[in-house]
Amino acid sequence: MPLPLHQAKAEFFRMLGHPVRIRVLELLQDGPKPVRELLADIGIEASSLSAQLAVLRRSGMVTATRDGTTVVYALTSDDVAELLRVARKVLTGLLAGRNELLAMLREEERA
């Protein structure tokens with residue numbers, strides 16, 4: 001029996017639900033990067049990064065190519081970068097709404 005679409009979407013968002021995976025995707029928006037650069041930019045243990053990269057590879061979000069002893073990661077599609085841009089836009093709107101509410105509460109407190 002095929003997976004219902006809403007369940008597939010939930011699993012997709014669960015896959016994105018780790019800060020290291022999000023950070024890797026953000027860094028790869030600028031183009032392919034070798035693992036050593038990702039390690040330097042993210043600042044975690046190599047084994048932890050490797051585990052998160054494996055999740056992204058299995059999900060089809062990134063590709064890995066070997067150049068000698070160097071493994072280079074890249075986004076599989078510009079749609080991934082677009083997804084991150086839209087997420088940033090939604091988050092900005094949500095946070096702006098919270099700031100407005102906070103300002104109103106503070107104003108009410110002063111009155």
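**A walk through our predicted chain**

Let me start with what the record says: UniProt, in an unreviewed entry, lists residues 1-95 under "domain: HTH arsR-type". Please keep in mind that what you see above is a predicted model.

So what is in that stretch? Over residues 1-95, helix makes up 65% of the chain and strand makes up 15%. The C-alpha atoms at the two ends of this region lie 40 Å apart.

Now let's look at the whole protein chain. How many helices and strands does the protein chain have? There are five helices and three strands. If you trace the protein chain along the sequence, you meet them in the pattern α-α-β-α-α-β-β-α. Try following that order in the picture with your finger!

Next, the overall dimensions. The C-alpha trace of the protein chain spans about 70 × 45 × 25 Å along its principal axes. The radius of gyration is 18 Å, whereas a compact globule of 111 residues would come out near 13 Å.

What about the inside and the surface? Of the 111 residues in the protein chain, 24% count as buried. The protein chain exposes about 8000 Å², and 56% of that comes from carbon and sulfur atoms.

Here is one on contacts. Take those in the protein chain between residues at least 6 apart in sequence: 51% of them join residues at least 24 apart.

Last, the charges. The protein chain carries 15 positive and 14 negative charges, and the mean positions of the two sets are 5 Å apart.

Thanks for listening, everyone!

How values were computed
Residues numbered from 1 in each chain as written. Predicted model: local features only at pLDDT ≥ 70, side-chain atom pairs only at ≥ 80, totals over all residues. Heavy atoms only, no water. Helix = DSSP H or I, 4+ residues; strand = E, 2+ residues; numbered from the N terminus. Rg over C-alpha atoms; globule rule 2.2 N^0.38 Å. Buried < 20%, exposed > 50% of the residue type's maximum accessible area, 1.4 Å probe, protein only. Contact = heavy atoms within 4.5 Å. Areas by Shrake-Rupley, 256 points an atom, 1.4 Å probe, with all protein chains shown as cover. Lys, Arg positive; Asp, Glu negative; His and termini not counted. Charge placed at Lys NZ, Arg CZ, Asp CG, Glu CD. UniProt positions renumbered as here; feature names shortened; annotations may be inferred.
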